[in-house]
Amino acid sequence: MKNILLPTDFSENSWNAIAYALQLFKNETCNFYLLNTYTPAVYQVEYVLVAPAQFGMVDAVRNESLRQLNDFKDKILDNYKKPNHNIEIISSFNTLISEIKEVVDKKAIDYLVMGTKGATGAKEILFGSNTVHVFKSVKCPIIAIPSDFDFEKPHEVLFPTDYDIDYQDHHIKPIIDLVSLYTTRVNVLNVSYGYDLTELQEENKQKLEAYFKDTSNLFHSVSNQNVADAINNFQLKMRINLLIMINNKHSFFENLFFKSTINQIGFHLNIPFLVIPATEK
């Protein structure tokens with residue numbers, strides 16, 4: 001049984017991510033949790049304290065949230081109904097990140113699947129602010145789906161790594177669980193800068209090879225490229241349809257997504273992206 005969390009702001013992008021999750025796990029027994037959070041823009045605690053009528057406004061926003069969640073649930077049942085899938089809705093007066101953290105803990109969530117941008121996402125931005133905050137804050141594997149990506153079985157996945165991580169079960173199990181659903185090959189990519197791997201990196205690489213020993217895999221090493229270019233070039237060459245990274249605080253992941261602008265790194269992500277937290281929840 002897998003527990004999958006599907007946050008939605010009712011945008012097309014969030015529906016596309018939901019459709020991806022339902023197809024990705026179509027043969028698995030799953031609980032899917034459709035989540036919408038709302039914080040009315042003009043809602044202020046001090047006004048509610050002096051004007052209880054404000055509660056009516058909150059009720060109206062909650063009713064609209066529930067109405068749209070039920071519409072999405074009906075849409076799921078109309079298009080992707082499976083006897084092994086259970087769909088539950090959660091409407092919460094809370095901030096998105098706080099509620100996600102609560103649901104991840106309470107429902108023992110295995111994967112969170114969401115769109116890369118929200119309803120107001122600009123085309124030139126790689127990830128919307130909500131997605132970035134989720135990457136930073138939520139200790140659960142996250143699959144981010146680009147808005148125009150139609151579902152493909154993940155036959156070729158790309159896992160870039162600098163071998164600086166002491167790989168543990170909680171890093172690798174979400175990968176193996178996913179690739180075991182299909183006939184999938186894991187491409188492990190190391191970008192070198194003309195130096196041999198250190199003794200520690202070699203140990204970590206061997207650990208990774210042991211984890212993937214029962215999985216179709218290829219280990220690659222490229223040099224004289226920056227990480228973003230290496231990922232882009234490899235994607236094109238191998239027809240990759242899932243990118244995987246571990247969100248390690250001192251790794252190239254952080255530099256790639258949180259310390260550079262998209263224009264500086266020239267990184268264009270048009271495939272689903274599995275982000276695994278470095279630490280367990």
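**Helix α6 lies across strands of the sheet in this predicted model.** The helix covers residues 169–179. Beneath this title belong seven strands by name: β1 (2–7), β4 (111–115), β5, β6 (156–160), β7 (185–192), β9 (242–247) and β10. Relative to β10, helix α6 runs at about 150°.

**Ten strands make up one open sheet, shown here strand by strand.** Their order is β3-β2-β1-β4-β5-β10-β9-β6-β7-β8. The pairing is mixed. Strands β3 (85–92) and β8 (217–223) stand at the edges. Each of these two has a single partner strand, so one side of each is left without a neighbour in the sheet. From one strand to the next, the twist averages 25°.

**Strands β5 and β10 are joined within the sheet.** Residues 142–145 form β5, and residues 273–277 form β10. The two strands run antiparallel. They are joined by 3 bridges. In this view, I142 stands opposite V275 of β10.

**N36 is a buried residue of strand β2.** Its relative accessibility is 6%, so N36 counts as buried, a term kept for values under 20%. A polar atom of the N36 side chain lies 2.9 Å from the backbone oxygen of T8. T8 also appears in the list of residues that N36 touches. Leaving out residues up to four places away in sequence, that list holds T8, D9, F10, S65, L69, I90, S91 and S92.

**E28 sits in the loop between α1 and β2.** Helix α1 spans residues 12–24, and strand β2 spans 30–37. E28 has a relative accessible area of 23% and is partly exposed. That value is not under 20%, the cut-off for buried, so E28 does not count as buried. K2 is 26 residues away along the chain, yet the C-alpha atoms of E28 and K2 are separated by 7.4 Å. E28 is in contact with K2, N84, H85 and L181, with neighbours within four places in sequence left aside.

**W15 and Y80 form a tilted ring pair.** The model has 10 aromatic pairs, and this is one of them. The ring centres of W15 and Y80 are 6.3 Å apart. Their planes meet at 40°, so the pair is tilted. W15 belongs to helix α1, whereas Y80 belongs to helix α3 (residues 54–80). The pair links distant parts of the chain, 65 residues apart. W15 is buried, with a relative accessible area of 9%. Y80, at 25% relative accessibility, is partly exposed.

**F25 and Y111 form another tilted ring pair.** Here the ring centres are 5.5 Å apart, with the planes at 40°. F25 lies in the loop between α1 and β2, and Y111 lies in strand β4. The pair therefore ties together parts that are 86 residues apart in sequence. Both residues are buried.

**F10, W15, F72 and Y80 form a cluster, and K75 lies over two of its rings.** Ring pairs link these four residues. K75 lies over the face of W15, at 4.2 Å from the ring centre. K75 also lies over the face of F72, at 5.9 Å from that ring centre. F10 reappears from the earlier view of N36, where F10 is among the residues that N36 touches.

Definitions and conventions:
Residues are numbered from 1 along each chain as its sequence is written. This is a predicted model: local features need pLDDT of at least 70, side-chain atom pairs count only at pLDDT 80 or more; totals for chains, interfaces and linings use all residues. Side-chain values use heavy atoms; hydrogens and water are left out. Helices (H or I, at least four residues) and strands (E, at least two) are DSSP runs, numbered from the N terminus. Buried means under 20% relative accessible area, exposed over 50%, partly exposed in between (1.4 Å probe, protein chains only). Contact means heavy atoms within 4.5 Å. A polar contact is a pair of N or O atoms within 3.5 Å; within protein, one must be able to donate a hydrogen and the other to accept it, and residues adjacent in sequence count only if both atoms are side-chain atoms. Two strands pair if DSSP finds at least two bridges between them. Axes are lines fitted to C-alpha atoms, for helices over the stretch in contact, and angles run from 0 to 180 degrees between N-to-C directions. Rings of Phe, Tyr and Trp (its six-membered ring) pair if their centres lie within 6.5 Å; planes under 30 degrees apart count as stacked, over 60 as edge-to-face and the rest as tilted. A charge sits over a ring if NZ of Lys or CZ of Arg is within 6 Å of the ring centre and within 35 degrees of the ring normal.
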